[in-house]
Amino acid sequence: MDILIKDIKQLVTCKNRSRYPKSGKKQSDIGLMEKANIFIENGNISFVGSNPELKKFLATNKSTKYEIVDASRKVIMPGFVDSHTHFVFAGSREDEYEMRLAGKSYQDIAKAGGGIISTVKAVRNTPKNILKSMAEERLKKFAEYGTTTLEGKSGYGLDLGNEIKILEVMNELNRENKYGLDIISTFLGAHSIPPEKNRKDYVQEISHSIIPIVAKEKLAVFIDVFIEQNYFDREDADKIFTMGRRFGLIPKLHTDQFNSVGGTDIAIKHKAASVDHLEVLTSRDIAKLSKFNKNKVNRSIIATVLPGVSYFLNIPYAPARELIQNNIPVALATDFNPGSCMTENLQMIMSLASLKLKMKAEEILNAVTINAAFAVNMENKTGSIEKGKQADLLIFDMPSYKYLIYNFGVNNLESVYKKGKLVHKNT
Ligand code: NIG
Ligand code: FE
């Protein structure tokens, strides 16, 4: 049924009239409206406007039967886009968490056979249907905190069969659409070196055996590589991206998490959709990204920062202010995974972005909506509340949009609409 949401106390539209994501000063333009109304037809937004505008709209609109939602005491914003997660995995790593509390670093644990490889072992030993039900449970949690569009990466299989298994799980969950979430898949074969192979052979296998199959079966939109000491280097990423792009996959990159490894050069060379992590990104690399993004022939590279990882691993926070000052569009994501950030709650990440990255509330809201939508090539469908877009929106019971970040650690989200359907209600 069509829906009229009326008298909205505060409507954060994150409206974007340009072809580019929001950067610099525009990163804080959230298109705020008060006493606004939204009309939803066939799952899409057909009207956003003031009371007099609504009158005119209704006078000419064909739709006569519609549900009315009174939002005079509510704040509404676009459904959140979590543009970087690893939500399909088996097992858990709370033992490693305790080892870290006792003084071991993430890298120490990985060297001793833990880390990504311990999750790889668990995934390889888990049949697809069980892996799928584990992942499905997590979707419910994402929805509970307001995520309506979710990127997910493979990378815990590290061989053809198991990488395909993870990608198939994501594709099936997307088709079944149980909690309404759109799921965008990324092939991250180059997440770690499998224990049974050497790096060179594995990079060859990814490039020549796995990529062609992933692409032919249309199992992923993006291709990602983890550039880091003891994982993959820039040459590996260059090879993998060259082949991935030949098969129509769009690059994304994990770089500069623990060491400043300069992955941005590769991201720029291959016109990546985003560069992610960036905890120890250098000013030189920021300047390069800024220069690339200034040239409007290019599609901007989004900087996706993941403050939940810095919090969970006790490592430095990404230079978000410097990125914004240099006109680089910033997105925020959870990086939900069992080793470096075990939370599905994007609202928690927003709190960290405020206190630790010194981002303003408005910058944060664009970073989890429209800019994140750009990072997963979904900007034409979601990420803002505008005529023509999917009706992906969140209704909060709180006095103002700023309250969302101020009142941390609790969930003020009341209901979640995806493509015009009520997909979740918090009681
Ligand atoms: O994004 N950095 C590499 N990959 C993940 C961690 C994965 C894991 O520890 O299982 C990340 O932080
Ligand atoms: Fe990640």
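**Exercise 1. Describe the lining of the largest pocket by residue class, then say where the pocket lies.**

Solution. Let's start with the classes: 3 nonpolar, 8 polar and 7 charged residues make up the lining of the largest pocket. Keep in mind that this is a predicted model.

Next comes the volume, which is about 350 Å³ for the largest pocket. Of its 18 lining residues, Tyr-20, Pro-21, Ser-23, Lys-26 and Lys-296 are the closest to the centre.

Finally, look at the domains. Domain 1 (2-78 + 384-425) and domain 2 (80-375) each supply at least three residues to the lining of the largest pocket.

**Exercise 2. Find the cavities and list what lines them.**

Solution. First, how many cavities of 30 Å³ or more does a search of the whole structure find? The search gives 2.

Now take the largest cavity, with a volume of about 100 Å³. Among the residues that line it are the histidines His-86, His-191, His-254 and His-277, and also Ile-116, Phe-226 and Asn-337. Sorted by class, the lining of the largest cavity has 4 nonpolar, 7 polar and 1 charged residues.

Then turn to the second largest cavity, which has a volume of about 60 Å³. Its lining includes Tyr-145, Asn-345, Gln-347, Met-348 and Ser-351, together with Leu-404, Asn-407, Phe-408, Gly-409 and Val-410.

**Exercise 3. Place ligand 1 and work out its surroundings.**

Solution. Begin with the site: where does ligand 1 sit? Ligand 1 is in the largest cavity.

Next, collect the neighbours, using a cut-off of 4 Å between a residue's heavy atoms and the ligand. There are 15 residues around ligand 1, and Tyr-106, Tyr-156, Gln-257, Asp-335 and Ser-340 come nearest. These five names also appear in the lining of the largest cavity. By class, the shell around ligand 1 holds 4 nonpolar, 9 polar and 2 charged residues.

Now check the polar contacts, for which the N or O atoms must be within 3.5 Å:

- Tyr-106 has a side-chain N or O atom 2.4 Å from an oxygen atom of ligand 1.
- Tyr-156 places a polar side-chain atom 2.6 Å from an oxygen atom of the ligand.
- His-277 has a side-chain N or O atom 2.9 Å from an oxygen atom of ligand 1.

Last, ask how much of the ligand is covered. On its own, ligand 1 has 330 Å² of accessible area, and the protein covers 100% of this.

Terms used:
Residues numbered from 1 in each chain as written. Chains lettered and ligands numbered in written order. Predicted model: local features only at pLDDT ≥ 70, side-chain atom pairs only at ≥ 80, totals over all residues. Heavy atoms only, no water. 1 Å grid on protein atoms, 1.4 Å probe; cavity = no way out; pocket = protein on both sides within 12 Å on 5 of 7 lines; lining within 4 Å. Points joined across faces, edges and corners; volume = space filled by probe spheres on them. Nonpolar A, V, L, I, M, F, W, Y, C, P; charged D, E, K, R; others polar. Domains from an automatic or database assignment. Polar contact = N/O pair within 3.5 Å; in protein donor to acceptor, adjacent residues only side chain to side chain. Areas by Shrake-Rupley, 256 points an atom, 1.4 Å probe, with all protein chains shown as cover. Sits in = over half its atoms within 2 Å of the grid points.
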